[in-house]
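Student: I am new to this structure and would like a close look at a single part of it. Could you take me through the aromatic ring pairs, and then what lies around them?

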Amino acid sequence: MKRTFIAACVLLLSACSSEADKHYYQLPAQPVPVSAVSSPGLSSADSPKVLWVEPVSVSDFLSGTGLAYQTSDVQYVIATSNLWASPLDQQLQQTLVSNLSQLMPGWLVTGSLAGNNYDTLSVSVTGFHGRYDGKVIITGSWILQRGQQTLRRPFSLVLKQSQDGYAALVRTLAEGWQQEAVQIARQINQ
């Protein structure tokens with residue numbers, strides 16, 4: 001009896017001292033339907049237009065490693081066991097470059113400064129999180145600098161999360177980010 005009690009205590013103490021399993025998430029690469037945006041094609045003699053996507057700026061509460069979740073109208077929690085596999089700002093820039101590249105075939109879309117004749121896209125993300133009512137929030141604004149012209153557009157998406165859990169949250173965030181890329185591509189191609 002005494003040995004069983006000691007073994008139970010050892011197991012209980014080891015369970016209390018162990019860290020919770022950590023789960024890492026990356027925004028999935030999703031094919032973008034090119035038909036979502038009409039873009040005039042370039043002939044082989046034309047040089048492509050260049051769009052530099054600057055590093056995406058995110059609000060402070062999104063800049064940590066944990067996924068953000070809004071628990072009430074005024075309260076947020078940052079997950080300690082459900083983490084971004086790489087910094088969120090980098091994932092947002094990389095997926096935006098990838099999505100815009102697919103949506104704008106006549107353009108060279110890059111995350112690196114290229115040459116001296118380019119348009120610049122600056123994006124600021126103020127919301128990229130789940131919410132207590134099963135919705136996913138993506139908010140912010142973007143600025144396109146084209147020569148002396150500047151175009152600024154806010155964005156605000158509220159999507160329904162189809163399933164519970166962090167994996168479904170990340171998939172819905174990626175879907176919303178792709179939807180915003182379509183809107184940006186439409187504005188650039190006008």
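Tutor: Here is a walk through the ring pairs, followed by the pocket and the salt bridges. Please keep in mind that this is a predicted model.

Let us start with the rings. A pair of aromatic rings is described by the distance of the centres and the angle of the planes. The count here comes to six aromatic pairs. Take Tyr25 and Tyr166 to begin with: their ring centres are 6.4 Å apart and their planes meet at 35°, so this pair is tilted. Tyr25 sits in strand S1 (residues 23-25), while Tyr166 belongs to helix H3 (residues 166-188), so the two rings tie together parts that are 141 residues apart in sequence. Tyr25 is buried, at 16% relative accessible area, whereas Tyr166 is partly exposed, at 25%.

Now look at Trp84 and Phe128. Their ring centres are 6.4 Å apart with the planes at 40°, so this pair is tilted. It links distant parts of the chain, with Trp84 in strand S5 (residues 76-84) and Phe128 in strand S7 (residues 119-131), 44 residues apart. Trp84 is buried, with a relative accessibility of 6%, and Phe128 is buried too, at 2%. Ring pairs also join Trp84 and Phe128 with Phe155 and Trp177 in a cluster.

Next, come back to Tyr166, since this residue helps line the largest pocket. About 150 Å³ of space lies in that pocket. Its lining also includes Tyr69, Arg131, Lys160, Asp164 and Leu169. Sorted by class, the lining has three nonpolar, four polar and three charged residues.

Arg131, one of the lining residues, leads us to the salt bridges. Side chains of opposite charge can pair when their charged atoms come close. The structure holds two salt bridges. In one of them, Arg131 pairs with Asp133, the closest N and O atoms being 2.9 Å apart; Asp133 is partly exposed, at 36% relative accessible area. The side chains of Asp119 and Arg146 form a salt bridge as well, with 2.9 Å from N to O. Asp119 lies in strand S7 and Arg146 in strand S8 (residues 135-146), so this bridge ties together parts that are 27 residues apart in sequence. Asp119 is buried, at 12%, while Arg146 is partly exposed, at 26%.

So strand S7 is a handy place to return to in the view: Phe128 of the ring cluster lies in this strand, and so does Asp119 of the salt bridge with Arg146.

Technical notes:
Residues are numbered from 1 along each chain as its sequence is written. This is a predicted model: local features need pLDDT of at least 70, side-chain atom pairs count only at pLDDT 80 or more; totals for chains, interfaces and linings use all residues. Side-chain values use heavy atoms; hydrogens and water are left out. On a 1 Å grid over the protein atoms alone, a cavity is a set of points where a 1.4 Å probe fits but cannot get out, and a pocket is an open set with protein on both sides within 12 Å along at least five of seven lines; lining residues have an atom within 4 Å of a point. Grid points are joined across faces, edges and corners, and a volume is the space filled by probe spheres set on the points. Ala, Val, Leu, Ile, Met, Phe, Trp, Tyr, Cys and Pro count as nonpolar, Asp, Glu, Lys and Arg as charged, and the others, Gly among them, as polar. Rings of Phe, Tyr and Trp (its six-membered ring) pair if their centres lie within 6.5 Å; planes under 30 degrees apart count as stacked, over 60 as edge-to-face and the rest as tilted. Helices (H or I, at least four residues) and strands (E, at least two) are DSSP runs, numbered from the N terminus. Buried means under 20% relative accessible area, exposed over 50%, partly exposed in between (1.4 Å probe, protein chains only). A salt bridge is a side-chain nitrogen of Lys or Arg within 4 Å of a carboxyl oxygen of Asp or Glu.
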